Amino acid sequence: KHIQIAIDGPSGAGKSTMAKIVAKKLGIMYLDTGAMYRAVALKAIKSGIDTKDGDALAEMVKDIDLRIVYENGAQKVLLDGEDVTEEIRTPAVTVGSSNVAVNPAVREKMVELQQKIAKENSVVMDGRDIGTHVLPNADVKIFLTASIEERAKRRYEELREKGMLKQTFEELKKEMEYRDINDSTRSHSPLKKADDAILLDTTGFSLEEAAKVVLNIIKS
Ligand code: C5P
């Protein structure tokens with residue numbers, strides 16, 4: 001049987017760092033589901049579609065060519081055959097991804113792709129609705145959170161280190177608050193802790209410390 005580990009939480013809570021550590025330790029696949037919503041937003045922007053235009057988005061995702069591949073263990077996102085792994089991290093795509101993620105047709109399509117991957121592989125998946133909706137029977141569910149201040153700081157540092165910083169700290173924090181509200185108030189599978197998920201507030205902890213806690217939970 002395949003192993004399923006769900007890691008959910010708001011932006012910047014450290015989900016991807018955590019998921020990568022856990023996947024590596026267990027020797028299983030890591031799937032960053034946020035990257036898929038980002039790719040949908042990028043396609044909309046490139047096609048001149050408003051990221052809030054529900055009908056146009058629904059039509060667009062019907063036959064979207066979105067593939068997740070792995071190169072030296074790192075996830076790459078292919079959109080219409082093109083590697084868009086870097087391009088999906090810009091501020092415009094980030095805000096767009098939050099907008100397209102409200103759309104039920106977009107969500108259904110992404111969930112279908114995610115469940116197919118989980119059917120064929122053992123995975124650690126990170127997102128917003130993995131424990132509640134995508135993998136309701138996951139073996140372990142973690143809900144990671146931290147204060148908005150700490151989350152914005154972490155994301156700011158991460159982008160700075162990668163040389164991808166394009167906003168001030170305040171702008172980044174505002175964008176994060178905007179996404180938090182979109183994610184938690186949408187009608188279709190909003191951001192929510194699954195009843196059987198373990199809540200982990202990482203404010204004041206390093207993610208390496210938090211990862212140790214998670215690995216212990218998985219082992220037990
Ligand atoms: O995780 P990341 O910040 O890359 O996700 C980009 C956007 O995709 C989020 O702002 C969120 O609105 C959306 N998302 C989602 N459900 C998921 C993963 C991401 O709605 N499972």
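**View 1. Strands β3 and β4 pair antiparallel in this predicted model.**
Strand β4 covers residues 74-79, and 6 bridges join it to β3. One of the partnerships can be located by residue: L66 has L79 of β4 as its bridge partner. The pair belongs to an open sheet of 3 strands. Its order is β3-β4-β5, and the pairing is antiparallel. The edge strands are β3 (66-71) and β5 (82-83). Each of these two pairs on one side only.

**View 2. Helix α2 lies across β3 and β4.**
Helix α2 comprises residues 34-46 and runs at about 30 degrees to β4. It has 13 residues. The distance from its first C-alpha to its last is 18 Å, close to the 18 Å expected at 1.5 Å a residue. Helix α2 is mostly covered, with 10 of its 13 residues buried. The buried residues run through A35, M36, Y37, R38, A39, V40, A41, L42, K43 and A44. What do they pack against? Their neighbours include the strands β2 (29-32), β3 and β4. The helices α3 (54-62), α4 (91-100) and α5 (104-120) also pack against the buried residues of α2. G48 follows α2 and has a positive phi, near 75 degrees.

**View 3. Five strands form an open parallel sheet.**
The strand order is β2-β6-β1-β7-β8. Strands β2 and β8 (198-201) stand at the edges with a single partner strand each, so one side of each has no neighbour in the sheet. Neighbouring strands are turned against each other by 20 degrees on average, direction ignored. Strands of a sheet pair through backbone hydrogen bonds, in either the parallel or the antiparallel sense.

**View 4. Strand β1 pairs with β6 and with β7.**
Strand β1 (residues 4-8) pairs with β7 (residues 140-145) in the parallel sense over 4 bridges. Its pairing with β6 is also parallel, over 5 bridges. D8 can be followed into both partners. In β7, the bridge partner of D8 is F143. In β6, the bridge partner of D8 is G127.

**View 5. Strand β6 is largely enclosed by the rest of the structure.**
Is β6 buried or exposed? 5 of the 5 residues of β6 are buried, so the strand is largely enclosed. V123, M125 and G127 point one way from β6. V124 and D126 point the other way, and these residues too are buried. Strand β6 pairs with β2 in the parallel sense over 4 bridges. In that pairing, L31 stands opposite M125 of β6.

**View 6. Helices α1 and α5 lie across strands of the parallel sheet.**
Helix α1 (residues 15-26) lies across β1, β2, β6 (123-127) and β7. It runs at about 180 degrees to β6. Helix α5 lies across β1, β2 and β6, and runs at about 160 degrees to β6. The 17 residues of α5 should span 24 Å at 1.5 Å a residue; the end C-alpha atoms are 25 Å apart, which agrees. Buried residues of α5 include V106, R107, K109, M110, V111, Q114 and A118.

**View 7. Helices α3 and α5 pack roughly parallel to each other.**
Two packed helices are described by the angle between their axes and the distance between the axes. For α3 and α5, the axes come within 8 Å and cross at roughly 20 degrees. This angle is under 35 degrees, so the two helices count as roughly parallel. Helix α3 passes α5 in a left-handed crossing. L57, A58 and V61 make the contact from α3. A105, V106 and K109 make it from α5. Of these, V106 and K109 are among the buried residues of α5.

**View 8. Helices α7 and α8 cross obliquely.**
Helix α7 spans residues 148-161 and helix α8 spans residues 169-185. What angle do their axes make? They cross at roughly 120 degrees and come within 9 Å. The helices are therefore oblique to each other. Helix α7 passes α8 in a right-handed crossing. On the α7 side, the contact is made by I148, R151, A152, R155 and Y156. On the α8 side, F169, L172, K173, M176 and E177 take part. An α-helix has 3.6 residues a turn, so residues three or four places apart point the same way.

Technical notes
Residues numbered from 1 in each chain as written. Predicted model: local features only at pLDDT ≥ 70, side-chain atom pairs only at ≥ 80, totals over all residues. Pairing = 2+ DSSP bridges. Contact = placed C-beta atoms within 7 Å. Axes fitted to C-alpha atoms, helices over the stretch in contact; angles between N-to-C directions. Expected span 1.5 Å × (residues − 1). Buried ≥ 20, exposed ≤ 12 C-beta atoms within 10 Å, placed from the backbone. Parallel < 35°, antiparallel > 145°, perpendicular 65-115°, else oblique. Left-handed = near helix turned anticlockwise from the far one by under 90°.
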